[in-house]
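Reader: I would like a close look at a single part of this model, taken slowly and with the surrounding elements described as well. Please keep to what can be read from the coordinates.

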Amino acid sequence: MSEEELLESFLEEASEHIENLNTNILEMEGDPSNDEYINEVFRAAHSLKGTSGSLGFVRMQKLTHDMESVLSLIRDHKLEVDSDKIDLLFRCLDGIMGYIDNIRNTGTEGENDYKEILDELNSYLDGGDKASAPDKEKKEEKASDKESDTHSETENTGEHDGASSIQDNINAVLSLKEFEINAIKDAKSDGQKCFLVTIVIDSECLLKSVRAFMVFKKLEGKAEIMKLSPSAQDIEDEKFEFDFSMLILTDMDKAAIQKRISKIAELSQIDIKEYQAEDFVNNTKVVTSDEESSGKEESSPKEKEQEAPKGPAAEAKTKVKKPVASHSVRVDIDKLNKMMNLVSELIIQKNGIVATASAITESTHENSLINAYHQDMDHLNLITNSIHETVMQMRMVPIDNVFNRYPRMMRDLSKKLGKDIDLIITGEETEIDRTLVDELSDPLMHMIRNSADHGIEDKETRIKNGKPEKGTVRLEAEQIGDNVMIRISDDGAGINTEKVVQKAVQNGRLTAEEAENISEEKAADLIFLPSLSTAEKVSDISGRGVGLDVVRSKIEGLGGDVTVESELGKGSTFIIRLPLTLAIVKALMVEVCNEIFAIPTSSISIVEIIPIQDVNYIQEKPFINLRGEVIPLLYLREFFCLDDKMDFIDTANKELLKKEEVEERRSMVGDDSILVTVVKKGKKTLGIVMDGYIGQQEIVIKPMGEYINSPKAISGATILGNGDIALIIDPYALF
């Protein structure tokens, strides 16, 4: 494992610990008597201390050590949990996150030692713990032992079993075959020596595999590892005791090897013995590492038995559980993207086979060949769909990876604004594409801050209006069809549309005439305009006129949309709709003026054939009354300025959609009818009029590219089975 891989592994693990700490510190504040939350926070801090120290990040190790010491006092009920201590713990967390960000960006933890935080932590350690210094050390040792026991049970590391494990590894390494002995002879002729190196890692080490790979890294380029026991895979998976042995070939001497390895911390024993090829030929007796031990001496089994503590605690400590097999692995997002691209190409190829085979079917009368072809195509389709679903499931993660960031933020906002606000989260198990996780963070943060600052009133105003003193902001997620719906709602003041309209007129966004005729719904939608803020004063939370316009552009850039519903005096709800994935979707292939377009099925409510006489007009704008609902119509040929003469890809598309099929689709509609696809956006409904439809198809979404100035209603393009291009319509942009 390279240093880069070690660092990446550390950063991933640290991020998980940070998320765990954020959640459990909040829970600890809400229920300070619950030891489960306190223990969980203590364990996470202890793990961070161990991993940061093992990689040489001493400042981060110091901060987490002092944080852990204060948590130890809280766990032992020598300090009470209150708002000040929770604030301090969160400041510690901010400091740790600062170190992590620095490590991620520069590879080092930086120079900030967060002295003020350390001083405050030590003030509790000096004044809060009445025990003497020796007692304090014993207590911390006890906590560390407790942690070590926990890791022993969950990771099957157990207690180091001494000489038997070491001897087994040595025997395995020294058991050589003839070609390996010849390799040692050849190395000797080149001036290299053969050494048996046995390493024993400190039993208190939390990441023993990291220590082992640090040893390998130190020898990299200077020595060749001939044999290793346990295997490299077992060491990486931590399926080994605290020792390992290796046979190496090197031009270094014993002292140089010792010097290189001894720089690594948490190695309790380093044994190095030189071997000649003749030793293996003559079956020389294997020498145990005790004979040249440069570390700690091992007690005999009998002595160990005498020294072992008695009672239930000792029994629990020596008991080794069978390791639980892991059913999950971390996969780099770039690898997933590469896999998705391959699946996309497979789907395009499948569509191409379908298009080509349709011509073969028409030109042959061999029923057996046609049947065989259809069977093969059904099988290919089944395999392709299964691969697609599996890859999509691999890319999906619970949305709580995003939502978990906001309870802490809401706590800080509540204190800063002087308001009492509850953040209620539901639907956090809803899954979204991994690529959306980081993209969603900032838009949701803007809207939650907006709800807390602009939405929720101060305590006095809420009491005056007959509301509970504590305001409520809800963050909800659910999957509806192929979309994820996220709602951010509050029980605050709602949007003062009159004030918003006035501000829009002042900023030149609306004319006075437009302001008089604007509907309540469109007035509320004005808050998404750039540089439009109704805040009375600018703060570090809001009021600068940025945020919601950025939110809308960001969400639309992800292929979704955001709407707002509000009632003055009762509250507001922001609704975000996002596609489950940005890569492959099901679409309805439609025809307009001999052009083929794709409309994602996730946005379609229903497709209807409507008699022309049922089309009515209000101020020259067409609409229909469908089952009691008034639906405005939009003709795609007019929207895209198409007519039958504008036939720039007609010839190519006719190969995919035969002329007879086009005429058949049109005859189904008839000259006295129109084909309408009904789509919904929030409470709005729109009927899209097209010339004909081809059917449903899985399509691969391709971006248009920055050099093509495409209309807003075109969200991308897809490659058809015959290699031609069809534009993908974003129906939400048509409203």
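In which loop is Gln619 found? Please start from there, and then work outwards to the sheets and to the helix packing.

Author: Bearing in mind that this is a predicted model, Gln619 is found in the loop between S15 and strand S16, the latter covering residues 621-626. The backbone at Gln619 has a phi near 50°, which is a positive value in a residue other than glycine. As a background to that value, most residues other than glycine have a negative phi, and most peptide bonds are trans.

The two strands that flank this loop belong to an open sheet of six strands, whose order is S14-S18-S19-S17-S16-S15 and whose pairing is mixed. Strand S15 (616-618) stands at one edge and strand S14 (604-611) at another, and because each has a single partner strand, one side of each is left without a neighbour in the sheet. From one strand to the next, the twist of this sheet averages 40°. Further inside the order, strand S18 (residues 673-681) and strand S19 (residues 684-690) are paired in the antiparallel sense over seven bridges, and one of the residues concerned, Lys680, has Thr685 in S19 as its bridge partner.

A second open sheet has five strands in the order S20-S12-S13-S22-S21, again with mixed pairing. Its edges are strand S20 (692-700) and strand S21 (714-719), each with a single partner strand, so one side of each is left without a neighbour in the sheet. Neighbouring strands of this sheet are turned against each other by 35° on average, direction ignored. S21 runs antiparallel to strand S22 (residues 725-729), to which it is joined by five bridges, and Gly716 stands opposite Ile728 in S22.

A positive phi also occurs in a hairpin formed by S10 and S11, where three residues lie between the strands and Gly569 in the turn has a phi of about 85°. Strand S10 (residues 561-567) and strand S11 (residues 571-579) run antiparallel and are joined by seven bridges, with Glu567 standing opposite Gly571 in S11. Another backbone feature to set beside Gln619 is the peptide bond from Ser229 to Pro230, which is cis, with omega near 0°. Pro230 has its place in the loop between strand S2 (223-229) and helix H10 (232-236).

Turning to the helices, helix H3 (residues 58-75) packs against H4 at an angle of about 160°, with the axes 10 Å apart. Since angles over 145 degrees count as roughly antiparallel, H3 and H4 are therefore described as roughly antiparallel to each other, and their crossing is left-handed. On the H3 side the contact is made by Arg59, Met60, Leu63, Thr64, Met67 and Leu71, and on the H4 side by Leu89, Cys92, Gly95, Ile96, Tyr99, Ile100 and Ile103. Sorted by class, the contact of H3 with H4 has 10 nonpolar, two polar and one charged residues.

Helix H4 (residues 83-106) also meets helix H18 (residues 406-417), the axes coming within 13 Å and crossing at roughly 125°, so H4 and H18 are oblique to each other. In this crossing, which is left-handed, Ser83, Ile86, Asp87, Phe90, Leu93 and Asp94 of H4 meet Arg408, Arg411 and Lys415 of H18. The residues of the contact of H4 with H18 divide into three nonpolar, one polar and five charged.

H18 in turn packs with helix H19 (residues 434-455), where the axes come within 11 Å and cross at roughly 30°. H18 and H19 are therefore roughly parallel to each other, and H18 passes H19 in a right-handed crossing. From H18, Tyr406, Met409, Met410, Leu413 and Leu417 meet Leu440, Ser441, Leu444, Met445, Ile448, Arg449, Ala452 and Asp453 in H19, and by class this contact has 10 nonpolar, one polar and two charged residues.

Finally, a search of the whole structure finds seven aromatic pairs. One of them joins Phe213 and Phe216 in an edge-to-face arrangement, at 5.3 Å centre to centre and with 85° between the planes. Phe213 and Phe216 are three residues apart in helix H9 (residues 208-219), and so are separated by about one helical turn.

Note on methods. Residues are numbered from 1 along each chain as its sequence is written. This is a predicted model: local features need pLDDT of at least 70, side-chain atom pairs count only at pLDDT 80 or more; totals for chains, interfaces and linings use all residues. Side-chain values use heavy atoms; hydrogens and water are left out. Two strands pair if DSSP finds at least two bridges between them. Helices (H or I, at least four residues) and strands (E, at least two) are DSSP runs, numbered from the N terminus. Axes are lines fitted to C-alpha atoms, for helices over the stretch in contact, and angles run from 0 to 180 degrees between N-to-C directions. Angles under 35 degrees count as roughly parallel, over 145 as roughly antiparallel, 65 to 115 as roughly perpendicular and the rest as oblique. A crossing is left-handed if the near helix is turned anticlockwise from the far one by less than a right angle, and right-handed if clockwise. Contact means heavy atoms within 4.5 Å. Ala, Val, Leu, Ile, Met, Phe, Trp, Tyr, Cys and Pro count as nonpolar, Asp, Glu, Lys and Arg as charged, and the others, Gly among them, as polar. Rings of Phe, Tyr and Trp (its six-membered ring) pair if their centres lie within 6.5 Å; planes under 30 degrees apart count as stacked, over 60 as edge-to-face and the rest as tilted.
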